Every structure is written in structure tokens, then in C-alpha cells.
Amino acid sequence: MVITNFSNLFSAQGRSGFGANVSRNVNLFQQNNTLNQIAENAAASIEQEGKVQRADRFSLVEALKSKGSGESPFSGIPDSILQYVKWEYENGLRTSANMEAELTEYRDQLASFDQSIQRYQQILDGTSALPEDLSMEDVESLLKATQSARDTFLQDGAYQLNQRNQKRGEELQSTYGKYADLVDDTFSKGLEHFSWEIDADAENIYEEVDRVRSVARRATETFQRGISMINAEIERRRYKDDPYQAYFERQKTAGSYFIPPRNNVSIFRETYGAVREILLQAVDGKGDANQ
């Protein structure tokens, strides 16, 4: 029996990152162009103190700020524009939630490696019993292989994350930040100089991952709050003459949020393949590396 336990190690093998997502991406591209035009038209049509705003996304945001009340930045906005801003929040949420999920996968996988390394070390130290089907030489071999596999995952996994997250972080700040500022006016400013890159050589890799993950989580919560505020405003308009019905509708949807769709392809799938080879060489018929 091999006592290595890696939570995600082989879950992504053999899966394709393409397929049905291609047509969905095309549809999103077309939808994005349409909604961009809506934003331009909307910004051009909203007047602030008699002056027409310049027709672009940022002018739309400024117009929203000028029209909103103290209770909600969305109170004076036409329904069609509410739907547009909600779409922006959903896109921002999809970006930040995917970042969160991948950072969590990276962290959890490192924790699985560290737990296995600790168990092997305890056997060698004599504080844990030696499994009947393994010798001390087997445990030493497995310990070295697991340490090597962890280092491979640590370095290559951080590289994979950094390749994606710096670009996505800039997108959160520049593309969706203005809309997030309607909910949290410190959002985009707080991201201006933030580094989304994971330092794989940090003294405490878990603190390093959590540093980035906490900011992604804050973005997720901000976009969720924006969606909830818009939904509440739409509901208020729908049931303004029947507040009791609005109450019952809120009870039905309490705690529900838009959940971004994800495909099941891990960004670490190639890294998992390299790690698998390292571990299989150490196992060499002594057990199942999936256990």
C-alpha cells in the first residue's frame, strides 16, 4: 500500500480544453460587441446637469453615479442599462471566481503533498508504524519522489498561475473596476499596484497564495454584491405596488448568487502529468499512486 494521497493529481488527465466551449466563446464575443454598443448608446443618452455624457464605458459609469441615490447607485437607471451593468458584474465575477478556484486547487494540492511527506517522515523517524507491504527503503524512495514531485508542482504550478493571473488582474482593474467602484469606491484604486504573481520561493508558500487569493475573494464578493443590488432594484420596480409579493420573492432567492460556469479542465493538467511520472517511478509496482 502506498500512502500517498493527492487530491487532484489525476483528475484532469485525458480531458480536452476545447469542444463545446468554442461556440460559447463565439457567442460571448458577439454578445460583448452588442452590449458595448448598448453602453455607448446609454452613456450618450444620460444627461448630467443638461450635458450629454461622452459615449463610452467610463462615461456610463459616471452617469450612473450622478443618477443614483444615496441608497443605491442604480435607483435612477433605466432597466436596459441595469441589465448591461449586471452583465459586466457577471463577467467580472467569472474572472475572479476562476482565479479563486485555481489558487485554491494549487494550495490544496501542495497541502496534500506536505501531508504525504510528513507521513513518510514519521515512518522513517519511528513515530508511525511501517505498512506491512513496504520496507524502509521503499519509504525512503517514496519520500524522495514525493518531495521531488512537490517541488515540480510548486514551481510549475506557480508559473501556470502567474501566466494567467497577472493579465486577469489587470482586466479586473481596468475593465470591471469602474463598475465595481459603484459598489465599493476603493475597488479599482486598491488594485492599481497589486502584484498577482505567486512567488514560489516565498518562505511561506501558503501565506503567499492566501495573499493573492484574499484579493480575488474580495473581488468576487464585490461583484456578487453588485449583482444582488441590481436584482433588488429590478425586484423593487417589479413589485413597487405590491411590497408583500416582493418580500416573498426575496425569501425564495435569499442567499442565491450567479455561479460562473467552469469547464473541468485543470490549468495544472500538464504539471500533474509530470508529477505522475515521478511518483510512478517510485511506486514501481509497490502500490497504486492514486491511493
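Arg225 is partly exposed in this predicted model, because its relative accessibility of 37% falls between the two cut-offs, under 20% for buried and over 50% for exposed. Arg225 belongs to helix H7, which covers residues 205-238. If you set aside the neighbours within four places in sequence, Arg225 is in contact with Val183 and Asp184. One of these partners, Val183, is 42 residues away along the chain, yet the C-alpha atoms of Arg225 and Val183 are separated by 7.3 Å.

**The overall picture**

Let us step back to the whole chain. The protein is built from 9 helices and 2 strands. Their order along the sequence is α-β-β-α-α-α-α-α-α-α-α, so a helix comes before the two strands and the other helices follow them. There are 291 residues, and 42% of them count as buried. Among contacts with a separation of 6 or more, 75% join residues that are 24 or more positions apart. The exposed surface of the protein comes to about 15,800 Å², with carbon and sulfur atoms supplying 46% of that area.

**Helices H4 and H9**

How do H4 and H9 run relative to each other, parallel or antiparallel? The axes of helix H4 (residues 136-174) and H9 cross at roughly 175° and come within 9 Å. An angle over 145 degrees counts as roughly antiparallel, and therefore H4 and H9 are described that way.

The contact between them draws on residues from both helices. On the H4 side, the participants include Ser141, Leu142, Ala145, Thr152, Phe153 and Gln160. On the H9 side, they include Thr271, Tyr272, Val275, Ile278 and Leu279. Sorted by class, the contact of H4 with H9 has 11 nonpolar, 7 polar and 1 charged residues.

**Residues around these helices**

Tyr272, one of the H9 residues that meet H4, also has a polar partner in helix H3. The side chain of Gln109 makes a polar contact with the side chain of Tyr272, at 3.5 Å. Gln109 is found in helix H3, and Gln109 counts as buried because its relative accessibility is 0%.

Phe113 lies in helix H3 too, which spans residues 79-125. Is Phe113 buried or exposed? With a relative accessible area of 0%, Phe113 is buried. Phe113 and Asp151 are 38 residues apart in sequence, with 9.5 Å between their C-alpha atoms.

Lys144, in helix H4, gives another case to look at: Lys144 counts as exposed because its relative accessibility of 58% is over 50%. The C-alpha atoms of Lys144 and Tyr120 are 9.6 Å apart, and 24 residues separate this pair in sequence.

The three C-alpha pairs are gathered here for easy lookup.

| Residue pair | Separation in sequence | C-alpha distance |
|---|---|---|
| Arg225 and Val183 | 42 residues | 7.3 Å |
| Phe113 and Asp151 | 38 residues | 9.5 Å |
| Lys144 and Tyr120 | 24 residues | 9.6 Å |

**The loop before H9**

Finally, consider Ser266. Where does Ser266 sit? Ser266 is placed in the loop between helix H8 (243-253) and helix H9 (269-283). Ser266 is buried, because its relative accessible area of 7% is under 20%. A polar atom of the Ser266 side chain lies 3.0 Å from the backbone nitrogen of Phe268.

Definitions and conventions: Residues numbered from 1 in each chain as written. Predicted model: local features only at pLDDT ≥ 70, side-chain atom pairs only at ≥ 80, totals over all residues. Heavy atoms only, no water. Helix = DSSP H or I, 4+ residues; strand = E, 2+ residues; numbered from the N terminus. Buried < 20%, exposed > 50% of the residue type's maximum accessible area, 1.4 Å probe, protein only. Polar contact = N/O pair within 3.5 Å; in protein donor to acceptor, adjacent residues only side chain to side chain. Axes fitted to C-alpha atoms, helices over the stretch in contact; angles between N-to-C directions. Parallel < 35°, antiparallel > 145°, perpendicular 65-115°, else oblique. Contact = heavy atoms within 4.5 Å. Nonpolar A, V, L, I, M, F, W, Y, C, P; charged D, E, K, R; others polar. Areas by Shrake-Rupley, 256 points an atom, 1.4 Å probe, with all protein chains shown as cover.
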